[in-house]
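Thanks, everyone, for making the time this morning. I would like to walk you through the charged side-chain pairs in this model, and I will put the sequence and the structure up before saying anything about them.

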Amino acid sequence: MARGVPSLYELEVKRYLIQHRFLPARGWKVTVHVDPMEEGGPNQPPDKKERTARAKTWLERNGVGLGDHPDFPRADIVAARHGRPSYVIEVKGEARVQKGVAIQQALGQIQQQMRPDRDARYVIATPNTPDWEDQMERIPAHVCDQLSLRLWLVDETGVQEI
């Protein structure tokens, strides 16, 4: 992401991740959990409500289901396509919580979604900024290997795997 461009809110990360990796028009069935706090509210930055509304509208117009997935409740994104493993994704975006704390939360949340009997890939996705990348790189590689966890950085132009 270019310097000086604001980091993405969680709903924007979800939108761009789906746009670049899991577009329903390409055969993906995608379910997105939207927490009310993701859409803005009192004491939030003034641009958050407008930016997240645009992201949510994009999701709805592009065939993304909003709500809880039956097999992975409260997972931020579940993407499935016939003949391929499902992806279960925990997403973090710009918020008032410190980025290091957000990554620790994401690790706990994605572990709660892991199922030994499912052919699924597990991912943590964040905005593609140096601060987020630094936090993601603090997750030891052996932990990612043991958990079969992938780490993705997302922006308007694409998705980069760490």
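Searching the whole of this predicted model turns up 10 salt bridges, and I will speak about a few of them in turn.

Let me begin with Glu12 and Arg51, whose side chains meet in a salt bridge with an N to O distance of 2.7 Å. This pair links distant parts of the chain, since Glu12 sits in helix α1, residues 10-21, while Arg51 belongs to helix α2, residues 48-61, and the two are 39 residues apart. Both Glu12 and Arg51 are buried.

Next, what does Lys14 pair with in a salt bridge at 3.6 Å, N to O? The partner is Asp76, and because Lys14 lies in helix α1 whereas Asp76 is in the loop between β2 (65-66) and β3 (77-80), the salt bridge ties together parts that are 62 residues apart in sequence. Lys14 is buried, its relative accessible area being 0%, and Asp76, at 5% relative accessibility, counts as buried too. The pair also belongs to a network of salt bridges, in which Glu10, Lys14 and Asp76 are linked.

Finally, please turn to Asp134, which forms a salt bridge with Arg138, where the closest N and O atoms are 2.9 Å apart. Are these two residues buried or exposed? Asp134 has a relative accessibility of 34% and therefore counts as partly exposed, the range for that term lying between 20% and 50%, whereas Arg138, at 56%, counts as exposed.

Definitions and conventions. Residues numbered from 1 in each chain as written. Predicted model: local features only at pLDDT ≥ 70, side-chain atom pairs only at ≥ 80, totals over all residues. Heavy atoms only, no water. Salt bridge = Lys/Arg side-chain N within 4 Å of Asp/Glu carboxyl O. Helix = DSSP H or I, 4+ residues; strand = E, 2+ residues; numbered from the N terminus. Buried < 20%, exposed > 50% of the residue type's maximum accessible area, 1.4 Å probe, protein only.
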